[in-house]
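I am opening a new notebook page for this structure. My plan is to look up the ligand, the space around it and the backbone.

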Amino acid sequence: MATLGNPNNTVEILQKYHFNFQKKYGQNFLIDTHVLDRIIESADITKDDCVLEIGPGIGTMTQYLAENAREVVAVEIDKALIPILEDTLADYDNVTIINQDILKVDIMQIAQEKNGGNPIKVVANLPYYITTPIIMGLFESHVPLQSITVMVQKEVADRMQVGPGTKDYGALSLAVQYYAKPEIVANVPANCFMPRPNVDSAVIRLNRYEVPPVTVKNEQLMFALIRASFNQRRKTLVNGLNNAAGLPYGKETVIKALQALDINPQIRGEALTLEQFAALANELEG
Ligand code: SAM
């Protein structure tokens, strides 16, 4: 089987199987070997690694992963792609294809069965319509993870690595930075994909922290505070939290907590750092 990382071989396989792109699944296949090499290199894949690939498509990146890793598990939702993957990956005995929705897969079980419960690496050219739930699901479920190296929309990659004071700063930035150290490793123009998407993309590597950079007594409370603050970005933090469903803190309580932390009670939630959100959660938890 020819390697797929170039437009001619991709078109050939798509024609052979009369494949129709499904927009609803965010199908934009990579057709640039330099980008593929860069992803494998930044993900630092070695023969010790068990890799989970989300959305293998026709198997382009899967071939690269299979060459470099010990074991690859590829989860693809579109059943029309399964016979294609069986063909393009026929030469590899270290790849398992699972035809399922990644949001419904028990990743913990995969790590257990394929890697003895040791940390796995996630590598993917993600379907953009579910980037955030996939990444948050991986972190929040506490699956043993070493790193996540993914292609995402450029704007989303930027959001993951910024701090307070920029318009891109939000709940996703804080969540990602609590669990991992983000680093954009490549910018990828739209013409590296077939079909061409409407946005530019970037590859971001998220290196999972063994211990989060801040200490928080109640993680769930901290994330509830973060979500409530960014749901009402234009309001002061005090008003934002006061109006938030599911949070029991009145204005007085929040003002007192902010004063105890030497934070101006007029501050907006979007100006708080991760350290300050953690300190506020600890203060309110008592
Ligand atoms: N990895 C391929 C490549 O780089 O050429 C394809 C990437 S394409 C951007 C995203 C892939 O994710 C598609 O193959 C799509 O069918 C698949 N996909 C979409 N939603 C999914 C889901 N919920 N679970 C698993 N795969 C999904």
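Which strands each supply at least two residues of the shell around the ligand? I found β1 (29-30) and β3 (71-76). I note here that the model is predicted.

**Entry: the shell**

I looked up the residues around the ligand next. There are 22 of them. L30, G55, E76, N125 and Y129 come nearest. I then sorted the shell by class. I got 12 nonpolar, 7 polar and 3 charged residues.

**Entry: polar contacts**

I went through the nitrogen atoms of the ligand. At E53, a polar side-chain atom lies 3.4 Å from a ligand nitrogen. At P56, the partner is a backbone N or O atom, 3.5 Å from a nitrogen of the ligand. At I77, a polar backbone atom is 3.3 Å from a ligand nitrogen. Then I checked how much of the ligand is covered. Taken alone, the ligand exposes 600 Å². The protein buries 99% of that area.

**Entry: the pocket**

Where does the ligand sit? I find the ligand in the largest pocket. I wrote down the space in this pocket as about 680 Å³. Its lining is made up of 37 residues. Y25, G26, Q27, N28 and P127 lie nearest the centre of the pocket. I also checked which elements give two or more residues to this lining. They are β1, β2 (50-54), α3 (60-68) and β3. So far β1 and β3 have come up for the ligand shell, and I meet both again in the pocket lining. By class, the lining divides into 20 nonpolar, 12 polar and 5 charged residues.

**Entry: the backbone**

I turned to the backbone last. Most peptide bonds are trans, and most residues other than glycine have a negative phi. I noted two exceptions to look at.

Which peptide bond is cis? I found the one from M194 to P195, with omega near -15 degrees. P195 lies in the loop between β8 (193-194) and β9 (201-208).

My other entry is H18. This residue is not glycine, yet its phi is positive, near 50 degrees. I placed H18 in the loop between α1 (7-16) and β1.

Key
Residues numbered from 1 in each chain as written. Predicted model: local features only at pLDDT ≥ 70, side-chain atom pairs only at ≥ 80, totals over all residues. Heavy atoms only, no water. Near = heavy atom within 4 Å. Polar contact = N/O pair within 3.5 Å; in protein donor to acceptor, adjacent residues only side chain to side chain. Areas by Shrake-Rupley, 256 points an atom, 1.4 Å probe, with all protein chains shown as cover. 1 Å grid on protein atoms, 1.4 Å probe; cavity = no way out; pocket = protein on both sides within 12 Å on 5 of 7 lines; lining within 4 Å. Sits in = over half its atoms within 2 Å of the grid points. Helix = DSSP H or I, 4+ residues; strand = E, 2+ residues; numbered from the N terminus. Nonpolar A, V, L, I, M, F, W, Y, C, P; charged D, E, K, R; others polar. Points joined across faces, edges and corners; volume = space filled by probe spheres on them.
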